[in-house]
Number of protein chains: 2
Amino acid sequence: MATRPHVVIVGGGFGGVEAAKSLSSADVDITLLDRRNHHLFQPLLYQVATAGLNPADISAPIRAILRHQDNVTVLMSEVAAVDPEARLVELSDETTLTYDYLILAAGTRHSYFGNDQWEQHAPGLKSVEDAIEIRRRVLLAFERAEASHSDEDRQAELTFVVVGGGPTGVEMAGAIAEIAFRTVARDFRRIDPETARVILVEGADRVLGAYPASLSRKALRQLERLGVEVRTETMVEDITADTVETNGGTIRSKTVVWGAGNAGSPIGATMGVELDRAGRIVVDSDLSVPGYPDLFVVGDLAAAESKGKPVPGVAQGALQGGRHAAQAIRADLSDKPRSPFRYRNKGELATIGRSSAVGVIGRFRLSGWIAWMAWWLVHIFFLINFRSRAIVLFSWSWSYLTFQRGARLITRAWRADTQTTDSDTDEG
Amino acid sequence: MATRPHVVIVGGGFGGVEAAKSLSSADVDITLLDRRNHHLFQPLLYQVATAGLNPADISAPIRAILRHQDNVTVLMSEVAAVDPEARLVELSDETTLTYDYLILAAGTRHSYFGNDQWEQHAPGLKSVEDAIEIRRRVLLAFERAEASHSDEDRQAELTFVVVGGGPTGVEMAGAIAEIAFRTVARDFRRIDPETARVILVEGADRVLGAYPASLSRKALRQLERLGVEVRTETMVEDITADTVETNGGTIRSKTVVWGAGNAGSPIGATMGVELDRAGRIVVDSDLSVPGYPDLFVVGDLAAAESKGKPVPGVAQGALQGGRHAAQAIRADLSDKPRSPFRYRNKGELATIGRSSAVGVIGRFRLSGWIAWMAWWLVHIFFLINFRSRAIVLFSWSWSYLTFQRGARLITRAWRADTQTTDSDTDEG
């Protein structure tokens with residue numbers, strides 16, 4: 001085999017997988033690297049965190065997705081650093097890969113704005129592991145409340161705080177309220193789950209700040225109808241094991257979910273290139289890094305612009321970016337000029353809870369039941385493989401009819417530390 | 001409310017849940033304790049360990065199962081010790097519960113026959129956490145082989161050893177062979193999963209020693225047809241990170257599953273009562289502990305006899321034992337004599353792999369396709385709640401038709417230790 005250009009793709013999320021697929025007929029050898037073996041349908045991750053779906057319902061092995069594409073080798077490996085001068089990717093096992101083209105699609109992680117000590121008390125929601133940890137904490141809170149001997153502890157166990165009023169925070173708050181007020185409402189003897197409090201804390205003056213103000217108002221009303229207390233213009237000042245300190249007072253709570261900030265993957269900082277304040281890599285109009293035409297960044301990790309406006313960190317942005325990078329490589333290989341990246345906003349939808357959502361599609365603003373149906377159809381449709389689609393359809397229909405949740409599983413034993421025979425690993 | 005007798009049940013497995021249900025109309029207050037929040041359909045746990053089913057498909061929250069039974073309080077707590085003289089259950093959070101009746105259904109854990117250092121290299125299969133850990137190791141072995149730079153390492157990664165030729169070992173070996181030779185056969189580029197070896201090691205001279213010899217022979221043939229190497233009369237002498245030493249030589253393998261021995265829950269040893277060699281509690285003919293008529297042991301933790309023969313440690317034994325203990329309590333409450341426990345063997349089935357199984361039902365010995373259909377129907381039927389039943393039905397039909405497995409998820413990041421932003425928890 002003649003040496004064909006070697007395209008390395010870092011990250012098996014929406015951007016990375018789409019880039020690989022878009023190169024299926026190109027005369028290149030592709031190596032796709034990911035720390036995990038699975039592609040994740042991240043928009044539904046909050047459903048795993050709230051016991052509505054199984055982790056595997058929204059995941060598919062990356063190598064199974066790309067099985068029939070012979071020019072791709074998938075490797076489960078972690079990238080430690082990238083050297084764009086030497087065109088080298090360094091892996092954490094100290095081996096290296098050279099590339100002719102690199103597509104970085106490594107995404108973002110949570111940012112606690114310099115307060116990393118909050119993370120242990122307020123996990124964020126990026127990975128399957130995160131979702132399972134949040135599920136564990138939410139379900140365990142009710143269990144601990146039932147076993148509790150003090151009223152004060154019980155109320156702290158039954159107070160849930162979600163930090164951040166963006167789409168993730170709104171989804172999480174709505175879903176936790178549904179668990180407390182519907183799913184487990186009759187499962188306990190000593191506590192009444194309906195006395196639980198779900199508090200959504202947002203620094204700005206409205207939730208869903210990226211949406212039109214009229215939809216924020218509708219989302220607020222829908223959240224309140226679900227029993228969520230929304231506190232806008234409220235800044236978190238400290239988080240401990242059992243309190244959230246805000247400029248509006250102290251909340252006693254043992255279960256906090258973080259949905260407030262993102263920062264680019266640490267790979268960006270190893271490259272000696274320009275980053276924005278959130279640690280994302282600044283890219284040119286063709287999504288390549290200035291000075292390195294062979295290095296593309298797509299998805300959440302890219303600080304990209306389209307028609308003078310920042311490209312939002314959503315699935316559509318990653319998919320279109322991955323496709324664009326692949327196209328630019330194909331253009332190079334056939335000596336054609338690259339075109340600039342144009343983000344096409346196909347609409348945005350945020351679900352709030354059972355039967356309610358808000359969204360903008362083209363010129364239309366949707367809310368309530370119709371927005372929820374739209375959200376639901378779009379998400380079912382985009383789930384990658386058929387099996388997941390059918391299972392998710394079934395799980396949801398079932399949950400919708402019965403108010404039950406199919407994945408109410410707490411993994412890791414209760415005080416596993418005292419039990420020497422326990423393996424130290426967890427599930428879902 | 002007048003003080004009704006307090007029945008404490010330890011363990012939410014088959015025995016404990018069945019005991020609670022059988023006391024639904026009794027004039028007692030029941031507290032059911034379990035370290036986990038979920039009841040587990042253990043006979044299908046090997047399907048989780050081999051990525052065929054989701055953990056939640058075979059689990060249901062204990063408190064959801066008993067939701068409508070008002071005389072039961074479910075507490076997620078760990079039992080540290082039992083004092084049968086004082087009728088006290090000590091919990092690991094240092095609180096205590098007193099009881100009028102105690103039903104111990106705490107099950108067994110793995111036994112390494114004094115070689116506990118083997119556990120880290122050869123996990124057993126009792127809990128959802130165990131299953132997820134085994135799934136992680138099996139799937140990761142293929143990933144590591146694909147990334148490997150040495151032939152010797154690659155072969156060690158692709159060699160799977162299952163220790164113990166009982167039902168669990170046979171199921172695991174058959175399912176791992178199916179993964180290697182069918183599910184992932186075409187997913188890799190650098191390795192050929194069909195060069196994998198799956199070795200089943202058994203000390204006795206045949207697999208499935210509890211079954212008639214003719215069925216053991218059939219099981220052996222079916223295993224060999226699936227590509228499993230069966231080594232009988234082979235004793236394990238040592239297990240390290242990459243070898244299994246046996247009296248028949250050394251096997252280079254990095255993935256070992258333990259299915260060879262069980263020991264009673266450590267609670268037994270805290271009670272000052274007679275245990276058998278496997279740490280199970282010796283019980284009278286009514287399943288109560290000699291000298292303590294208010295203390296019953298049911299399920300795998302009981303060394304019980306019925307008609308002069310030991311009661312086997314299977315789901316049916318636990319279900320019938322739980323029902324019997326409840327009946328004895330009801331007899332006491334209405335001043336009637338207790339009856340002795342009679343185990344009714346409804347038959348036994350062991351599945352070996354895709355479309356094959358062996359079993360004994362009454363006077364009939366089954367094998368092959370018909371045994372597999374029987375096994376399948378029985379397991380679907382006994383799955384506790386409808387939702388699971390339908391999902392499992394769907395998952396299995398899908399897997400059967402496509403050879404795919406729906407839960408091929410490796411949770412916990414690749415070398416998570418080097419990634420400070422990772423939460424340290426796992427899934428499934």
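## Strands β2 and β5, and the sheet around them

Let's start with a strand pair in this predicted model. Strand β2 of chain A, covering residues 29-34, runs parallel to β5(A), and five bridges join the two. One residue to look for here is A:Leu33: its bridge partner in β5(A) is A:Leu75. Helix α1 of chain A (residues 14-22) packs on the sheet, where it touches β1 (6-10), β2, β5 and β9 (101-104) of chain A. The direction of α1 makes about 160° with that of β1(A).

Now for the sheet itself. It is an open one of six strands, and in chain A they come in the order β5-β2-β1-β9-β21-β20, with mixed pairing. At the edges sit β5 (72-76) and β20 (288-289) of chain A, each pairing on one side only.

## A three-stranded sheet

Another open sheet in chain A has three strands, ordered β14-β15-β16, and here the pairing is antiparallel. Its edge strands, β14 (236-239) and β16 (249-252) of chain A, each pair on one side only. Going from one strand to the next, the twist averages 20°.

Want to zoom in? Strand β15 of chain A (residues 243-246) is joined to β16(A) by four bridges, and the two run antiparallel. If you pick out A:Glu245, you'll find that its bridge partner in β16(A) is A:Thr250.

## Helix α4

Next up is helix α4 of chain A, which takes in residues 128-147. How far apart should its ends be? At 1.5 Å a residue, its 20 residues should span 28 Å, and the end C-alpha atoms are indeed 28 Å apart, so the two values agree.

There is a bend along the way, though: α4(A) turns by about 25° at A:Leu140. And is this helix mostly covered or mostly uncovered? Mostly covered, with 19 of the 20 residues of α4(A) buried.

## Stepping back to the whole chain

How do these pieces fit into chain A? In total, the chain has 10 helices and 27 strands. Of its 428 residues, 55% are buried. Looking at contacts in chain A with a separation of 6 or more, 63% come from residues 24 or more positions apart.

The domain assignment splits out two domains in chain A. Domain 1 is put together from three stretches, 6-35, 77-110 and 262-333, while domain 2 is given as 116-259. Between the C-alpha centres of domain 1 and domain 2 of chain A, the distance is 34 Å.

Definitions and conventions: Residues numbered from 1 in each chain as written. Chains lettered and ligands numbered in written order. Predicted model: local features only at pLDDT ≥ 70, side-chain atom pairs only at ≥ 80, totals over all residues. Domains from an automatic or database assignment. Expected span 1.5 Å × (residues − 1). Bend = angle between axes of the 7 residues up to and from the residue. Buried ≥ 20, exposed ≤ 12 C-beta atoms within 10 Å, placed from the backbone. Pairing = 2+ DSSP bridges. Axes fitted to C-alpha atoms, helices over the stretch in contact; angles between N-to-C directions. Contact = placed C-beta atoms within 7 Å.
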